[in-house]
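Work through the exercises below with the sequence and the model open. Each task is followed by a solution in steps.

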Amino acid sequence: MKRIAACAALALGGMMAAAGTARAGNELLQLTPGNMLSQTHSTAVLFTITGTYRQLSGTLTFDPTAKTCHIDVTFVTSSLALPNAIVRGQVMSKAFLDPKQYPQTSYIGDCAKNGTELDGKLTMHGQTHPFAMKLTERMANGKLVGFDSVGKLDRYNWGLDGLKLMVGKVITVTNDISLTGKPPKPAN
């Protein structure tokens with residue numbers, strides 16, 4: 001009886017160790033505004049306008065050892081916070097983002113190039129196109145504490161052709177994801 005109990009304990013321990021190993025590889029993070037800072041940076045005449053998404057949801061699955069990941073995130077277009085009411089009125093107009101007709105923006109992508117790039121598709125303003133972003137791991141005391149990504153898009157490719165005299169052609173998109181439970185800070 002003692003021998004059966006010992007064998008059962010060893011088998012259970014082995015299964016638990018195997019389960020622990022599997023969990024240690026792939027990690028899942030529910031994305032929220034509390035752990036993901038998603039911003040747009042557009043040039044406007046002589047200055048840069050930064051917008052911050054206040055409503056987003058999705059998932060990030062990643063394996064830091066294998067340098068693999070998958071992200072699927074959706075943003076509420078009208079939640080893009082902007083510097084003032086005048087800028088917001090222009091950006092949310094039918095001539096630009098038009099959140100009444102296009103209420104969501106989404107991005108689905110996977111790690112590529114040994115975890116240094118996100119290769120995916122951005123759906124914005126009713127159009128979906130490939131969109132790659134440079135991906136950087138953020139470390140502190142030898143521990144992975146987050147990810148930062150940056151990409152540049154030609155807004156005309158997504159049908160954002162309004163405000164030509166005010167807003168530049170290229171929009172920079174940055175995402176900062178915290179794995180520590182603390183709000184993310186923008187990458188420097």
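**Exercise 1: the disulfide**

The link of Cys69 and Cys111 is right-handed, with 100 degrees about the S-S bond. The model is a predicted one, in which local features need pLDDT of at least 70, side-chain atom pairs count only at pLDDT 80 or more, and totals for chains, interfaces and linings use all residues. Residues are numbered from 1 along each chain as its sequence is written, and side-chain values use heavy atoms, with hydrogens and water left out.

Task: State which parts of the chain the pair Cys69 and Cys111 links.

Solution.
- Step 1. Cys69 is in strand 5 (residues 68–76) and Cys111 in strand 7 (residues 104–112). Strands (E, at least two residues) and helices (H or I, at least four) are DSSP runs, numbered from the N terminus.
- Step 2. The two cysteines are 42 residues apart, so the pair links distant parts of the chain.
- Step 3. Their sulfur atoms are 2.0 Å apart; a disulfide is a pair of cysteine sulfur atoms within 2.5 Å.
- Step 4. The structure holds 1 disulfide.
- Step 5. Cys69 and Cys111 are both buried. Buried means under 20% relative accessible area, exposed over 50%, and partly exposed in between (1.4 Å probe, protein chains only).

**Exercise 2: aromatic pairs**

Task: Classify the ring pair of Tyr53 and Phe75, then the pair of Phe131 and Trp158.

Solution.
- Step 1. The rule: rings of Phe, Tyr and Trp (its six-membered ring) pair if their centres lie within 6.5 Å; planes under 30 degrees apart count as stacked, over 60 as edge-to-face and the rest as tilted. By this rule there are 4 aromatic pairs.
- Step 2. For Tyr53 and Phe75 the ring centres are 4.9 Å apart and the planes stand at 40 degrees, so this pair is tilted.
- Step 3. Tyr53 lies in strand 3 (residues 47–53) and Phe75 in strand 5, so the pair ties together parts 22 residues apart in sequence.
- Step 4. Tyr53 counts as buried at 7% relative accessibility, and Phe75 counts as buried at 6%.
- Step 5. For Phe131 and Trp158 the centres are 6.2 Å apart and the planes at 85 degrees, so this pair is edge-to-face.
- Step 6. Phe131 lies in strand 9 (residues 127–140), while Trp158 is in the loop between strand 10 (143–154) and strand 11 (167–178), so the pair ties together parts 27 residues apart in sequence.
- Step 7. Phe131 is buried at 5% relative accessibility, as is Trp158 at 3%.
- Step 8. Tyr107, Phe131 and Trp158 form one aromatic cluster.

**Exercise 3: two polar residues**

Task: Is Gln127 buried, exposed or partly exposed? Is Asn175 buried or exposed? Describe the surroundings of Gln127 and of Asn175.

Solution.
- Step 1. Gln127, found in strand 9, is partly exposed, with a relative accessible area of 29%.
- Step 2. Not counting residues up to four places away in sequence, Gln127 touches Leu122, Asn157, Trp158 and Gly159, where contact means heavy atoms within 4.5 Å. The C-alpha atoms of Gln127 and Trp158 are separated by 5.7 Å, although the residues are 31 apart along the chain.
- Step 3. The side chains of Gln127 and His129 are joined by a polar contact of 3.0 Å. A polar contact is a pair of N or O atoms within 3.5 Å; within protein, one must be able to donate a hydrogen and the other to accept it, and residues adjacent in sequence count only if both atoms are side-chain atoms.
- Step 4. Asn175, in strand 11, is buried, with a relative accessible area of 8%.
- Step 5. The side chains of Asn175 and Ser38 are joined by a polar contact of 2.7 Å. Beyond residues up to four places away in sequence, Asn175 touches several residues, including Met36, Phe75, Met133 and Phe147.
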